[in-house]
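Please read the following report alongside the sequence and the 3D view. It begins with the overall build of the chains and then turns to sheets, domains and single residues.

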Amino acid sequence: MGGGIAAIVTRRPLLIKSARNAGFAVCVLIWLSISSLAYLFVTDNFSVAYVAEHSNKTQPLFFKFAAIWSGQEGSLLFWSFILSIYVFSVLFTYRGKHPELMPYVGVVTAGVQLFFLMISNFVVNPFNVFGSPGAGAAMNFVARADGRGLNPLLEYTEMVIHPPMLYSGYTGFTIPFAFALAALLGRYPGEKWIHLTRRWTMIAWCFQSIGVILGMHWAYVVLGWGGYWGWDPVENASILPWLTGTAFLHSVMMQEKRGMMRVWNVWLVFVTFLLTIFGTTMTRTGLVSSVHAFAQSPVEPWFYAFIGIVFVVCFTAYWRNRDYLRSDNQLDSLASRESSFLFNNLILLVACIAVLSGTLFPVFSRWVQGTQISVGAPFFNKVNIPIGLFLLFLTGVGPLLAWRKTSVESLKRNFGWPALLGIVAGIAGVALGLRNFYVTVCLILCVFVTLTILQEFFRGARVISARTGSNIISSVVQLTLRNTRRYGGYVVHFGIVLIFIGFSGSAFNQDKQMDMPVGAQMEIGPYKLVHQSFDSIPETNYTSEKATIAVDHNGEQTIMLYPERRFYPSNEESGTMVAVYSTLKEDLYVVYAGRSPDTQVPVIHAYLNPLVKWVWLGGIVVVLGTILALVPNQQPVLAFNRATEPIAAGPEQSPAPLPIERRGEP
Amino acid sequence: MTGTVITLFRKRRRVAALVMLAVAGVLISGLVYAQNSDRAKRVGSQLMCMCNCNQILTQCNHVGCTMSAAMIKELDQRVQTNSSDDLVLQSFVQEFGTKVLASPPAQGFNLLAWMIPGIAFGAGLALVIVVIRQWRRRFELAPAGGPPVSSEMLERARRQADQETDD
């Protein structure tokens, strides 16, 4: 970091190169550090406190790796590790390029790395060892015979992938933040930093989306309360930077196309980064009560100090260089893409404020009133459902509005049929017995948005098909590959529609809980559950109680489900293993909830959750769409075709070639 | 002699394993009451579990919860007394304080929690309107350059730009 500052001040090429190499060296050292921790886990080195607390001898190798980020100390080092991959990639990709910008980028990323490395070195060091006083002032290493093992809630394949994905999202936003701050500090000309960081932002956003979706799925199949989103503060922390990051990905197009909203975009990036740090603070410090959060921790003041420093640096940089961000914003018409992006940003920011204020309100209440209050799912659902539906509406409207101005004729052409069919779907839903207002609105909007997306693909493909003579499917592929960002974006929007379909299903959730001795039956919806047997099974590193449930669907035996609870003696904790029979229509979700205190009979809790699978499918589509948007556009190439009629005059007698457009050919 | 020691050792191991299994059984199973009434579920979804897990009472099933089972049993009993939902909720508030409510009551300082999203939306909307008006004024005041273009031509150019170059 010092080298980078010296390089900026002196502008000496050798110092710039040296600072860059120092950046590479830091990354390599962090990789060595995380490799050492992994080695300690794999070799069961229980003289290291962190290893002893989060692993044991019987733990499968796969989970020994997962244990690296399962506790506070390791997860913060892991954060530095992921960040170092980004920093290394950025420094390597732009080595020798953008000499006015990159030294600043190096300093900002080094500053962030410095913070996390200071915490890992001086506050929560994962390499602390057990010791006992020896002769004189000496300490002897003491190794435990075995460790406590991984938290059973984390012994799940998805949980091995979820944190790295989420961390890749969180840390990834450091890159656009570093470029934005660097461009501001260095008064880097034009919108180039936006072009440079677009892909990095999308990569971070993609990882954040994967992390959030995996977290939802993990909560659904592991925690066993029947849902996937409980508005827990730690869940909320993961969605906050996602919301502002989404706003940035949209509003940045205004800067690229029209040079507008420069100040707004810079602050959106700053806020997104601050929210990633704030989210980590909530997870680490127990600021708010959460089943996920770590207990009160020594890192708390460090995080607050870092947030304060980052804010002061950002504000000072903005204030001193605000004239650099001045732009001549003009709006031709209210019915334009620009205004739709303004509303999109407004709604995303309102959603962010609603979630953030709700999450922190118990803390404010404690400070102001001295009393503790709770802000749970009923509050968040009531506030966020209308916001979400408005956002869904904008998802359909925004892309169909033209830049600068959309004519009335164009509005009719683009929105007429989708709006009409959406309303028809809503009326049909009500006629078929739909009585929930929000679900009906959601149905109308889902049909509307899907049709607008399909219409966009169809219209573009028809033009290509007319020009090239290729069939409509091949034209859709060509169209998409020609402008991956635009059509990848549409795919993402379609994924969001699928997720909303899944969300709307939760309005019709049913559940039933009853004492079920072996042989007992329970009916829920079209399913009949028969408790066939109940076993206690000792396994290598846990003991389980497992119910065997035969499931009949409309009178036909469909599947056997095995809900269980496991007890891990090494850390005296237990975990739920939910059994789920999932279809596109609904999930039958069965939990062995424990034993009745009066009768000692197993209690089975069954849920019928409609449309949940659509949420996971939507998540996959969102991720695929983002990956598609990251693929470089295919450039059109000219191929030549012989003219059907000879040209009468001209120096050459051979028929003149007519250019036709072909794609994907050399 | 050696045989007797081995047999004793094996017996002890077997007893220890059985004891462990029994302890595990108690710890695994937790103690849950089957909750049958729909009304109890509805009222329970407006209450928080008081074990500090920040989960809705009827959804709290996390490992080691010391509160939810007893609270659900209490809820079932209070619902059966035929008192209104509000009275049942109030009885929990009296016992645990306002923290037991899943949403902040819309009164006093807590009303602010409900108002913040609306205030944010209102303020944001006002800002967007001001910004749009300002940008529109700038556009109207901006000097037109180049030769005059007919509205049909402009519309055609816009449509073409829409179709081909839009992003």
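## Overall build

In chain A of this predicted model, residues 24 or more positions apart account for 69% of the contacts with a separation of 6 or more. The secondary structure of this chain comes to 19 helices and 14 strands, and of its 666 residues, 49% count as buried. Along the principal axes, the C-alpha atoms of chain A fill a box of roughly 100 × 75 × 60 Å. The radius of gyration of chain A is 29 Å, which agrees with the value near 26 Å that a compact globule with 666 residues would have.

Chain B has six helices and zero strands, so that its elements, read from the N terminus on, run α-α-α-α-α-α. Buried residues make up 28% of the 167 residues in chain B, and residues 24 or more positions apart account for 45% of the contacts with a separation of 6 or more in this chain.

## Confidence

Before any detail is read, the confidence of the prediction deserves a look. Chain A has a mean pLDDT of 86, with 92% of its residues at 70 or more. Within this chain, confidence is highest in helix α19 (residues 612-630), at a mean of 96, and lowest in strand β14 (residues 657-662), at 44. Over residues 650-666 of chain A, pLDDT stays under 50, and the model has 28 contacts beyond four places in sequence for this stretch. Where pLDDT is low, the predicted coordinates should not be read in detail.

## Sheets and a hairpin

Strands of a sheet pair through backbone hydrogen bonds, either parallel or antiparallel. In chain A, four strands form an open sheet with antiparallel pairing, in the order β3-β12-β11-β10. The edges of this sheet are β3 (510-515) and β10 (579-582) of chain A; each has a single partner strand, and therefore one side of each is left without a neighbour in the sheet. On average, neighbouring strands of this sheet are turned by 15° against each other, direction ignored. The edge strand β10(A) is joined by four bridges to strand β11 (residues 586-595) of chain A, and the two run antiparallel. Within this pairing, V580(A) has Y589(A) in β11(A) as its bridge partner.

Another antiparallel pairing in chain A, over five bridges, is that of strand β6 (residues 543-553) with strand β7 (residues 556-561). Here the bridge partner of V551(A) is I559(A), which lies in β7(A). The strands β6(A) and β7(A) form a hairpin with two residues between them, and N554(A) in the turn has a positive phi of about 50°.

## Domains of chain A

The domain assignment of chain A gives domain 1 (1-155) and domain 2 (508-614). The C-alpha centres of these two domains of chain A lie 42 Å apart, and the contact takes nine residues from domain 1 and nine residues from domain 2.

## Single residues with a positive phi

Most residues other than glycine have a negative phi, and most peptide bonds are trans. The table lists two residues of chain A that have a positive phi without being glycine.

| Residue | Phi | Citation |
|---|---|---|
| D44(A) | near 50° | positive, residue other than glycine |
| M261(A) | near 60° | positive, residue other than glycine |

What surrounds these two residues can be described in turn. D44(A) is found in the loop between α2 (13-42) and α3 (49-54) of chain A, and this residue counts as partly exposed because it has 18 C-beta neighbours inside 10 Å. M261(A) is found in the loop between α10 (233-258) and α11 (262-285) of chain A, and because 23 other C-beta atoms lie within 10 Å, M261(A) is buried.

## A residue of chain B

In chain B, is D38(B) buried or exposed? With 12 C-beta neighbours inside 10 Å, D38(B) counts as exposed, since the limit for an exposed residue is 12 or fewer. The place of D38(B) is in helix α2 (residues 38-44) of chain B. Between the C-alpha atoms of D38(B) and L57(B), which are 19 residues apart along the chain, the separation is 14 Å.

Key:
Residues numbered from 1 in each chain as written. Chains lettered and ligands numbered in written order. Predicted model: local features only at pLDDT ≥ 70, side-chain atom pairs only at ≥ 80, totals over all residues. Rg over C-alpha atoms; globule rule 2.2 N^0.38 Å. Buried ≥ 20, exposed ≤ 12 C-beta atoms within 10 Å, placed from the backbone. Contact = placed C-beta atoms within 7 Å. Pairing = 2+ DSSP bridges. Axes fitted to C-alpha atoms, helices over the stretch in contact; angles between N-to-C directions. pLDDT = per-residue confidence, 0-100. Domains from an automatic or database assignment.
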